[in-house]
Amino acid sequence: MSLRRTGVVNASGRPWTFYLLLALFVLYVLALYGPMICIYILSFQDVRGGLVFPMKGLSWHWFVDLFTQVRTGDVKGSFDRSVKLAVIVTVITVVVSFLSGLAFRRRFRGDGIVFYLMIGSLVAPGLVLSIGTGLLLTFIGVEARWYASAVGAQLSWTLPFGVLVMFAVMSRFDRAWEEAAYDLGATRWQTIRLVVVPILMPGIVAVGLFGFTLSYDEFARTLQTAGSLNTLPLEIWSMTLNVTSPSLYALGTVTTIVSFLIIGACLGTIALIQKRRASRVPAH
Amino acid sequence: MGAQVMGAQGHIELAGVCKSFDGFNNVVDGVNLKIPDGAYCCLLGPSGCGKTTILRMIAGHEDPTAGEILIGGENVVGLPPVARRTAMMFQSYALFPHLSVRDNIAFALRVRGLSKAERYAAADAMMRKVRLSELADRLPAQLSGGQQQRVALARAAITEPRVLLLDEPLSALDEHLRVQMRQELRQMQRELGITFVHVTHTQLEAIALADLVVVMEKGKIRQHGPARDVYASPQDRYVAEFLGGQNILDGRVQTVNGHHAIVAATTGRDIKVPLTPGVRVDAGDPIAVAVRRDDIELMRPDAVAPEGVVSLASRIRAIEYQGYFVKVMLEADSEEEFVVYVSERKFYRNPFEVGDAVLATWPVDVARLLA
């Protein structure tokens with residue numbers, strides 16, 4: 001009994017603070033996911049459906065509408081562009097983050113300045129940065145394009161994140177592994193290919209995941225830099241201004257599913273790498 | 001390369017080797033050392049004394065700022081480890097965490113372009129040799145410390161190096177395993193018949209293993225030689241203190257006569273000490289005298305010390321039972337502690353108590369003047 005000297009203990013053996021914190025946690029989760037869940041639920045209404053509760057019927061109607069009606073906007077085209085843009089941004093983010101991770105394995109003159117320059121653009125407000133990029137492009141007479149200027153604007157957002165994640169991963173990388181490889185006769189390239197990349201692979205996948213999801217739903221920085229053709233977030237935004245049917249919600253549901261599929265694929269890849277490493281044990 | 005002297009391939013010679021990382025502090029300061037082929041050499045010293053830097057320079061992971069490093073008679077400065085035919089075992093082993101034991105051991109053969117079948121055959125043979133066969137498919141994280149050490153050894157040995165360099169190989173292990181793996185290292189060295197250079201800060205490890213002990217301080221070699229010479233005949237105070245087992249008495253030389261010096265110890269009594277060849281002393285010099293703790297005999301104060309024996313009167317401050325011997329600590333005026341190791345049986349024939357007045361006695365010739 002002496003162990004329970006703190007606070008009032010009720011019949012079930014848990015202190016009242018447990019229920020207080022539990023309630024707080026439930027509220028937290030509701031605040032996080034409640035709004036999204038409302039959208040997902042309302043997207044499954046039938047043809048009578050509106051933009052607010054209560055639910056009217058249950059059907060796939062608005063999903064069908066999304067892919068058949070032209071009046072809802074260029075969903076297919078913008079989705080296409082968003083995915084392609086995200087792939088370009090992801091590849092650049094992964095390559096640059098990996099290389100800067102390698103560069104920062106040891107200290108060098110001015111490394112602090114270089115580091116803050118790399119992550120500084122995180123602080124800049126996205127919309128301002130977007131307007132600035134747009135202005136600059138107009139000034140030098142280049143037309144904004146989603147596959148050129150938007151890539152640059154999005155990289156100012158994904159690269160700092162990628163670099164930070166890579167640094168966290170690199171902090172657990174032991175340089176003795178590289179020295180051991182060199183000692184055993186590996187060339188620099190063999191060391192990167194056979195030792196550094198495989199050890200860092202889960203981290204590299206995580207950087208890619210960050211790059212993709214950050215780019216896929218980036219809005220502020222893309223707004224003034226995408227040019228005449230919209231990316232998906234821009235398309236959804238313009239739809240909220242003129243589409244007044246639950247097909248907007250259906251679009252939200254579909255894009256969320258795509259995001260989850262990509263995250264799932266990445267986590268699956270990491271799990272597979274780890275499983276393949278572990279499964280070598282009973283193989284013999 | 002072709003004209004190598006067979007049988008002396010693993011002979012290492014350091015000539016005037018210096019290393020500075022910042023341009024003005026020498027971490028390694030003019031080291032000259034010859035390590036014979038097939039020797040087990042321990043570089044011993046506290047952290048920061050430059051021992052690991054020397055090891056890394058022999059291995060080819062650092063280049064000396066000045067001086068030459070010869071292996072098998074050929075200057076290897078600037079050559080990569082593979083061309084030197086050295087292999088290094090890293091402090092925490094640095095096993096590749098994503099590769100199985102077999103792939104770790106076969107790594108050196110893989111980067112040389114051997115086929116999978118060839119390198120696995122060689123790795124399997126090596127694993128049989130070091131009793132790792134049943135662990136072939138494990139990952140390093142699934143191994144105990146001792147097993148990891150064996151993998152690291154096997155991975156280094158598969159390249160058939162002429163010199164194996166070990167950086168604090170036992171520091172990652174617990175006390176019990178350390179003694180066991182120490183023996184395995186020594187046995188492995190005999191089987192391979194190659195030169196081992198082993199860096200450690202533990203004097204027990206060094207004297208237990210090495211043919212050649214090199215005691216270092218601040219980038220310089222203080223003394224080197226067979227383990228027994230370094231332990232029993234330390235040349236200076238630093239070596240005596242670092243290897244332990246000695247009492248060090250400070251004093252001033254009173255008179256020097258042919259073979260002996262009379263030293264006035266700060267403890268009050270005069271001590272007769274044999275002169276060490278090579279150590280020049282003159283009357284009035286401050287000097288330190290070392291006496292092995294197990295060379296001292298304790299007597300009752302009323303006992304008469306025989307001829308040729310030095311005696312110091314003191315009082316027992318503390319007694320520690322150590323099993324096969326008893327550690328008796330005496331009161332001393334100086335800061336240095338004065339300790340006597342008495343064999344257990346002998347002590348309990350006529351045991352002393354804390355606070356007893358005693359005479360600490362030793363034959364004149366066992367004391368040593370320190371430089």
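Start by selecting Lys51(B), Thr52(B), Thr53(B), Ile54(B), Leu55(B), Met57(B), Ile58(B) and Ala59(B): each of these residues of H1(B) is buried. The model on your screen is predicted.

**Stop 1: helix H1 of chain B**

Widen the selection to residues 51-59 of chain B, which form helix H1. The helix is mostly covered, with eight of its nine residues buried. Now step just past the end of H1(B). Gly60(B) is there, with a positive phi of about 95 degrees.

**Stop 2: the domains of chain B**

Zoom out to the whole of chain B. Colour residues 12-232 as domain 1 and residues 245-370 as domain 2, following the domain assignment. How far apart do the C-alpha centres of these two domains of chain B lie? The distance is 40 Å.

**Stop 3: Glu336 of chain B**

Select Glu336(B) next. Look for this residue in a loop of chain B, with strand E17 (325-330) on one side and strand E18 (338-343) on the other. Why does Glu336(B) count as partly exposed? Because it has 16 C-beta neighbours inside 10 Å, a number between the limit of 12 or fewer for exposed and that of 20 or more for buried.

Add Leu185(B) to the view. Along the chain, Leu185(B) and Glu336(B) are 151 residues apart. In space, 36 Å separate their C-alpha atoms.

**Stop 4: where chain B touches chain A**

Bring both chains into view. The contact draws 23 residues from chain B and 19 residues from chain A. On the chain B side, select helix H2 (81-84), strand E6 (86-89) and helix H3 (101-111); these are the elements that give two or more residues. H3(B) supplies the largest share of that side, three residues. Try colouring the side of chain B that touches chain A by residue class. You should find 14 nonpolar, six polar and three charged residues.

**Stop 5: chain A**

Move to chain A alone. Domain 1 covers residues 2-63, and domain 2 covers residues 73-242. Taken over C-alpha atoms, the centres of these two domains of chain A are separated by 35 Å.

Finish by colouring chain A by confidence. The average pLDDT of chain A is 83, and 91% of the residues score at least 70. Where in chain A is confidence lowest, and where is it highest? Select helix H2 (residues 61-68) of chain A for the lowest, at a mean of 77. Then select helix H7 (residues 175-183) of chain A for the highest, at 93. Where pLDDT is low, the predicted coordinates should not be read in detail.

How values were computed: Residues are numbered from 1 along each chain as its sequence is written. Chains are lettered from A and ligands numbered from 1 in the order in which they are written. This is a predicted model: local features need pLDDT of at least 70, side-chain atom pairs count only at pLDDT 80 or more; totals for chains, interfaces and linings use all residues. Helices (H or I, at least four residues) and strands (E, at least two) are DSSP runs, numbered from the N terminus. Domain bounds come from an automatic or database domain assignment. pLDDT is the predictor's confidence in each residue, from 0 to 100. Two residues are in contact if their C-beta atoms, placed from the backbone, lie within 7 Å. Ala, Val, Leu, Ile, Met, Phe, Trp, Tyr, Cys and Pro count as nonpolar, Asp, Glu, Lys and Arg as charged, and the others, Gly among them, as polar.
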